[in-house]
Amino acid sequence: MAFTLLVTGGARSGKSSYAEARTLALGQPAHYIATSEIWDDEMAERIAAHQARRGPEWVTRAEPLDLVTALRETDDAPRLIDCLTLWLTNLMLGDHDWEAAAKRLLAVLPELTAPVVFVTNEVGLGIVPDNRLARAFRDNAGHLNQWVAAAADEVVFTVAGLPMKVK
Amino acid sequence: MAFTLLVTGGARSGKSSYAEARTLALGQPAHYIATSEIWDDEMAERIAAHQARRGPEWVTRAEPLDLVTALRETDDAPRLIDCLTLWLTNLMLGDHDWEAAAKRLLAVLPELTAPVVFVTNEVGLGIVPDNRLARAFRDNAGHLNQWVAAAADEVVFTVAGLPMKVK
Amino acid sequence: MAFTLLVTGGARSGKSSYAEARTLALGQPAHYIATSEIWDDEMAERIAAHQARRGPEWVTRAEPLDLVTALRETDDAPRLIDCLTLWLTNLMLGDHDWEAAAKRLLAVLPELTAPVVFVTNEVGLGIVPDNRLARAFRDNAGHLNQWVAAAADEVVFTVAGLPMKVK
């Protein structure tokens, strides 16, 4: 199994910047796997724009659902997956079986040779949300983070842009 | 005063699993003190089911309000109290004086000889809640956690299922 | 640049008490710079009351918006600024350019000789808020915290009243 790093933290806590720096330190160019769904029709155009902004050290790819294929097809260089909570959102809103998808993701990790850096969000440290979907999302995100953290070689929690080592 | 551990963290952050493992490492069988109110009429039946699921290393007991008596009556083996924030909820919703109850809880700790492991929740790291009860709960939980943490020998903050040592 | 400490954490996590103790350990009397807007008409009276309560080791001052002037005028002793998130709220609600104000704050730090202790809040670790202003506030607070943390000599994250060293 290749080196796996999980970077977790709150909104605007500097997770992505930290994860980007760690990924590039593992090898360049690296793959940037965006889980955003926003790419839709104009996907190619947006990827080009995104890539131009991000610089030549990144090869950008959008993958809202099938991270297993994305990981298999990018196993030639370090990958940053940004982010797991958006991936979970896509799975839940599309009525996919997120738990089965998470298990497939975990199962592919031992097959990989190039490093993988995951970004995720901590969403369970506020008051219990009023609405049912938010509560389900919070529970599922917590489980997903635990599973990936258990499989990861290193886990970092970012606070105010700074890394705290968890594992 | 017996060894006291406080395990805090967000929802689905692995607090309970970590606390269970730590409690059993202190001695078996251990007492599982659930602060859940759900037990109501079918309490005995549910405790039996819960205990069967949890295994012979636990003696399960439900105590939504009177933790002082529960602690005194289980002072023969390690105890896990899961969790303080649910206990606070029960006190607040039942119009009890939570602050007086918290003081009685802290006052009994020095009399105990068997270890005590508390689970609690961090609920103050989101946006200020809209509704007044949620704000009051958030404030009270923060104070309660501070008081128990000050009295505890060890405090652990769980992130993605992993422990971070706070004290 | 004088010694700068950032104390961050959730609501009722003991941020202010910890920050007060750290400030007084740097020199007494110290300046207490409250960013509260509540002072309004009765400001002088309230400051006097606040100061009486806080004790002779503090010189209290209210400054809801202009922290640059407050820092320049209190550069004879350690200062506690409590807190940055309330300052950000004041800037946003008053339709000020918070980002320009933050840059001016960061720019003045290297000119100062007396220590500065900032208190701020972590607000990004819950579910994404429903309302737009809360989301903007959460984003802005996250950026502000990152910028001040990057400039600070020391950053502490408080959990249940206890400090965790971040930087």
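**Notes on the sheet and the B–C contact**

1. Strand β4(A) and strand β5 (residues 116-119) of chain A run parallel, with 4 bridges joining them. Within that pairing, Leu80(A) sits opposite Val117(A) of β5(A). Bear in mind as you read on that this is a predicted model.

2. What does β4(A) pair with besides β5(A)? Strand β2 (residues 30-34) of chain A pairs with β4(A), again in the parallel sense and over 4 bridges. Here His31(A) is the residue standing opposite Arg79(A) in β4(A).

3. Now for burial in β4 (residues 79-82) of chain A: both faces of the strand are covered. Arg79(A) and Ile81(A) are buried on one side, and Leu80(A) and Asp82(A) are buried on the other. That two-sided split is what one looks for, since in a regular strand the side chains alternate between the two faces of the sheet.

4. Over in chain C, I'd start with the whole sheet. It is open, has 7 strands and mixed pairing, and the order reads β3-β2-β4-β5-β1-β6-β7. The edges belong to β3 (58-62) and β7 (162-165) of chain C; each has a single partner strand, so one side of each is left without a neighbour in the sheet. On average, neighbouring strands of this sheet are turned by 25 degrees against each other, ignoring direction.

5. Helix α1 (residues 15-25) of chain C packs on that sheet. Which strands does α1(C) touch? The list is β1 (4-9), β2, β3, β4, β5 (116-119), β6 (154-159) and β7 of chain C. The direction of α1(C) makes about 165 degrees with that of β1(C).

6. Inside the chain C sheet, β2 (residues 30-34) and β4 (residues 79-82) pair in the parallel sense over 4 bridges. Ile33(C) is found opposite Ile81(C) in β4(C).

7. On to the contact between chains B and C. Together the two chains bury about 1500 Å², of which 70% lies on carbon and sulfur atoms. Chain B puts in 19 residues and chain C 22 residues.

8. How many salt bridges are counted between chain B and chain C? The count is 1. Arg12(C) forms a salt bridge with Asp139(B), with the closest N and O atoms 3.1 Å apart. For residue pairs in polar contact between chain B and chain C, the count is 6, both partners being at pLDDT 80 or more.

9. On the side of chain B that touches chain C, α6 (132-151), β6 (154-159) and β7 (162-165) of chain B each supply at least two residues. The largest share, 7 residues, comes from α6(B).

Notes:
Residues are numbered from 1 along each chain as its sequence is written. Chains are lettered from A and ligands numbered from 1 in the order in which they are written. Side-chain values use heavy atoms; hydrogens and water are left out. Two strands pair if DSSP finds at least two bridges between them. Axes are lines fitted to C-alpha atoms, for helices over the stretch in contact, and angles run from 0 to 180 degrees between N-to-C directions. Contact means heavy atoms within 4.5 Å. Buried means under 20% relative accessible area, exposed over 50%, partly exposed in between (1.4 Å probe, protein chains only). Buried area is the accessible area (1.4 Å probe) that two parts lose on being put together, summed over both. A salt bridge is a side-chain nitrogen of Lys or Arg within 4 Å of a carboxyl oxygen of Asp or Glu. A polar contact is a pair of N or O atoms within 3.5 Å; within protein, one must be able to donate a hydrogen and the other to accept it, and residues adjacent in sequence count only if both atoms are side-chain atoms.
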